[in-house]
Amino acid sequence: MMNTKLNILLTSTLLAGLSCNLYSAESSPKEMLEDALSAAPPTLKDKVTVLDWEKNVLQKGDSRYTCFPTPPQLEGKAPMCMDEAWMEWADAWMNKKPFQAKTIGISYMLAGDQGASNIDPYAEGETEENQWVKEGPHLMIITPDQSLLDSLPVDPNNGGPYVMWKDTPYVHIMIPVGER
């Protein structure tokens with residue numbers, strides 16, 4: 001199960017087109033742990049399981065969240081903490097399979113990221129047409145009731161929550177909680 005989670009997250013993060021990394025393959029376990037934990041809210045930092053990209057447990061936790069440091073292939077920072085629903089979402093996204101959330105899912109990226117298209121789940125870089133967004137600290141939410149998303153804007157520049165990847169199986173709510 002843990003190997004599947006790790007493979008899902010690595011591939012999905014790379015597919016997101018995130019182009020950032022401060023941490024190299026030579027990063028120490030302590031540096032990777034600190035990076036991964038920067039994605040989590042303070043109330044969860046001592047409760048999450050943290051894995052590195054070699055599948056080593058950097059911290060054993062007892063919550064339903066697993067955090068990962070920024071992948072070594074990327075530039076800047078892009079650590080993530082995901083619950084089980086988001087891990088299923090990531091598997092579907094990575095494999096271009098249909099997805100329907102069975103429960104509400106929450107993912108934390110409180111260190112932010114270096115960008116993704118707001119309309120194309122498979123865009124690998126910024127273009128004039130793909131509404132590229134470099135988001136600061138944020139949460140991401142999936143819901144089994146897609147009709148709830150109709151009450152939210154799709155404009156990432158509206159100053160609040162917005163819907164990303166509308167009209168795709170990978171639609172989710174982005175909730176900015178800090179500056180970009």
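**Helix 3, the mixed sheet and their surroundings**

Good morning. I begin with helix 3, whose buried residues are Ala-85, Trp-86, Met-87, Trp-89, Ala-90, Ala-92, Trp-93 and Met-94. The model I am presenting is a predicted one. Those residues amount to eight of the 11 in helix 3, and the helix is accordingly described as mostly covered.

What lies at the two ends of this helix? At its start, a side-chain oxygen of Asp-83 comes to within 3.2 Å of the backbone nitrogen of Ala-85. Just after the helix, Lys-96 adopts a positive phi of about 50°.

Let me now step back to the chain as a whole. It has three helices and 11 strands. Read from the N terminus, the order of these elements is α-β-α-β-β-β-β-α-β-β-β-β-β-β. The chain contains 180 residues, and 51% of them are buried. Among contacts with a separation of 6 or more, 62% are between residues 24 or more positions apart. The exposed area of the chain is about 8700 Å², of which 53% is supplied by carbon and sulfur atoms.

I turn next to the sheet. In which order do its strands lie? Eight strands form an open sheet with the order 3-2-4-5-6-9-11-10, and their pairing is mixed. Strand 3 and strand 10 are the edge strands, each pairing on one side only. On average, neighbouring strands of this sheet are turned by 30° against each other, direction ignored.

Two helices deserve mention here. Helix 2, residues 29-37, packs on the sheet and touches strand 2, strand 3, strand 4 and strand 5. The direction of helix 2 makes about 65° with that of strand 3. Helix 3, residues 84-94, also packs on the sheet, where it touches strand 4, strand 5, strand 6, strand 9 and strand 11. For helix 3, the angle with the direction of strand 9 is about 80°.

Within the sheet, I would draw attention to strand 11, residues 172-176. Why may we call it largely enclosed by the rest of the structure? Four of the five residues of strand 11 are buried, and it is therefore largely enclosed. The cut-off for buried here is a relative accessible area under 20%. Strand 11 has partners in strand 9 and strand 10. With strand 9, residues 138-142, it runs antiparallel and is joined by four bridges; Met-140 stands opposite Met-174 of strand 11. With strand 10, residues 162-164, it is again antiparallel, through three bridges, and Val-163 has Ile-173 of strand 11 as its bridge partner.

Elsewhere in the sheet, strand 5 and strand 6 pair in the antiparallel sense over two bridges. Here Met-82 has Ser-107, in strand 6, as its bridge partner.

Met-82 also leads us to a loop residue. Arg-64 sits in the loop between strand 3 and strand 4. Which residues does Arg-64 touch, leaving out those up to four places away in sequence? They are Met-82, Asp-83 and Glu-84. Arg-64 and Met-82 are 18 residues apart in sequence, with their C-alpha atoms 8.3 Å apart in space. Asp-83, in this group, is the residue whose side-chain oxygen approaches the backbone nitrogen of Ala-85 at the start of helix 3.

I come now to the disulfide. A search of the whole structure finds one. Cys-67 is joined to Cys-81, with an S to S distance of 1.9 Å. The pair links distant parts of the chain, with Cys-67 in strand 4 and Cys-81 in strand 5, 14 residues apart. The link is right-handed, with 110° about the S-S bond. Are these two cysteines buried or exposed? Both Cys-67 and Cys-81 are buried.

My final stop is Asn-130, located in the loop between strand 7 and strand 8. With a relative accessible area of 5%, Asn-130 is buried, because the cut-off for that term is under 20%. A polar atom of its side chain lies 2.7 Å from the backbone oxygen of Gly-125. Neighbours within four places in sequence aside, Asn-130 is in contact with Ser-117, Asn-118, Ile-119, Ala-123 and Gly-125.

To close, I return to the opening topic: helix 3 is mostly covered, and it packs on the sheet. Thank you for your attention.

How values were computed. Residues numbered from 1 in each chain as written. Predicted model: local features only at pLDDT ≥ 70, side-chain atom pairs only at ≥ 80, totals over all residues. Heavy atoms only, no water. Buried < 20%, exposed > 50% of the residue type's maximum accessible area, 1.4 Å probe, protein only. Pairing = 2+ DSSP bridges. Contact = heavy atoms within 4.5 Å. Areas by Shrake-Rupley, 256 points an atom, 1.4 Å probe, with all protein chains shown as cover. Polar contact = N/O pair within 3.5 Å; in protein donor to acceptor, adjacent residues only side chain to side chain. Disulfide = S-S within 2.5 Å. Axes fitted to C-alpha atoms, helices over the stretch in contact; angles between N-to-C directions.
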